[in-house]
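Visitor: Please take one part of this model and look at it closely. I would like to follow how its pieces meet, step by step.

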Amino acid sequence: MSTLMDEVAAIRLPHWQAVGLVLDQNARDLRARRYGRLQEIVSWFKVIDLFRQAELERMIERKPTPLDKRYHKTWLAALIAEGERLLTELRRSGGIIRNPTGIKLSDLQATLEELYDTQAEWHGNLSPDRRAALFREIFDAPKS
């Protein structure tokens, strides 16, 4: 059951709402077996583009609110889970056949790795002191 705060948040945060709606639609399409594997992969890449746009506008170009951070973490976890599912299915079935989009298994792997990097960057458990120490060890310079 939706509360007034949920409705207000949805109106104020249409970018995050859009990501959630597309993720939900992709899940319904998967359950209904509407499309083949290639369309599932293309849809995953499209929702990542939508997620990255929301991330740019809500997390990078402005100071994110606690609700922005929550949506970011939630949708990021969903994208990672879907990418892992696709990768598992593709490896089980022998990979991606040559296709008009030019998408390769390595594209999916690289994008999934990038999502993991984003998760670590935004939602990792490193303390600020430990993060600074790592920067000094790796780059021999303080984090700017």
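**Where α3 meets its neighbours**

Guide: Helix α3 and helix α4 cross in a left-handed way. Keep in mind that this is a predicted model. Let us stay with this crossing for a moment. Helix α3 covers residues 37-60, and helix α4 covers residues 66-93. Their axes come within 11 Å of each other. They cross at roughly 160°. That angle is over 145 degrees, so α3 counts as roughly antiparallel to α4. What kinds of residues build this contact? There are 11 nonpolar, 2 polar and 10 charged residues in it.

Two numbers have done much of the describing here. In general, two packed helices are described by the angle between their axes and the distance between the axes.

Now turn to the contact of α3 with α2. Helix α2 spans residues 14-32. Its axis and the axis of α3 are 9 Å apart. The packing angle is about 165°. This angle, too, is over 145 degrees, so α2 is roughly antiparallel to α3. The crossing of α2 with α3 is left-handed. Sorted by class, this contact has 12 nonpolar, 3 polar and 4 charged residues.

Which residues of α2 take part? They are H15, W16, A18, V19, V22, L23, N26 and L30. On the α3 side, they meet E40, S43, W44, V47, L50, F51, A54, E55, E57, R58 and M59. Keep W44 and E55 in mind, as we return to them below.

One more residue of α2 is worth a stop. Q25 lies in this helix. Its relative accessible area is 32%, so it is partly exposed. Take its C-alpha atom and that of S43: they are 9.7 Å apart in space. Along the sequence, Q25 and S43 are 18 residues apart.

Between α2 and α3 runs a loop, and R33 is found there. Is R33 buried or exposed? It counts as exposed, at 73% relative accessibility. Its backbone deserves a look as well. Phi of R33 is near 55°, a positive value in a residue other than glycine. For comparison, most residues other than glycine have a negative phi.

Back to E55. This residue lies in helix α3. Its relative accessibility is 6%, under the 20% limit, so it counts as buried. What does E55 touch, apart from neighbours within four places in sequence? Its contacts are W16, I60, H72, T118 and W122. W16 belongs to α2.

Two of those partners, H72 and T118, also touch H123. H123 sits in helix α5, which covers residues 105-123. With a relative accessible area of 18%, under the 20% limit, H123 is buried. Setting aside residues up to four places away in sequence, H123 touches K69, H72, K73, L76 and T118. With H72 there is a polar contact, side chain to side chain, at 2.7 Å.

Stay in α5 and move to L108, which is found there too. Its relative accessible area is 0%, so L108 is buried. Without neighbours within four places in sequence, L108 is in contact with I41, W44, F45, G83, L86, L87 and L90. Here W44 returns: this α3 residue is also one of those that meet α2. L90 can be placed by distance. The C-alpha atoms of L108 and L90 are separated by 10.0 Å, with their positions 18 residues apart along the chain.

E113 is another α5 residue. At 47% relative accessibility, E113 counts as partly exposed. The C-alpha atoms of E113 and G83 are separated by 9.7 Å. Along the chain, E113 and G83 are 30 residues apart. G83 is also among the contacts of L108.

Finally, step back to the whole chain. It has 6 helices and 0 strands. Its pattern along the sequence is α-α-α-α-α-α. Of the 144 residues, 29% are buried. Consider the contacts with a separation of 6 or more: residues 24 or more positions apart account for 73% of them.

Terms used. Residues numbered from 1 in each chain as written. Predicted model: local features only at pLDDT ≥ 70, side-chain atom pairs only at ≥ 80, totals over all residues. Heavy atoms only, no water. Axes fitted to C-alpha atoms, helices over the stretch in contact; angles between N-to-C directions. Helix = DSSP H or I, 4+ residues; strand = E, 2+ residues; numbered from the N terminus. Parallel < 35°, antiparallel > 145°, perpendicular 65-115°, else oblique. Left-handed = near helix turned anticlockwise from the far one by under 90°. Nonpolar A, V, L, I, M, F, W, Y, C, P; charged D, E, K, R; others polar. Buried < 20%, exposed > 50% of the residue type's maximum accessible area, 1.4 Å probe, protein only. Polar contact = N/O pair within 3.5 Å; in protein donor to acceptor, adjacent residues only side chain to side chain. Contact = heavy atoms within 4.5 Å.
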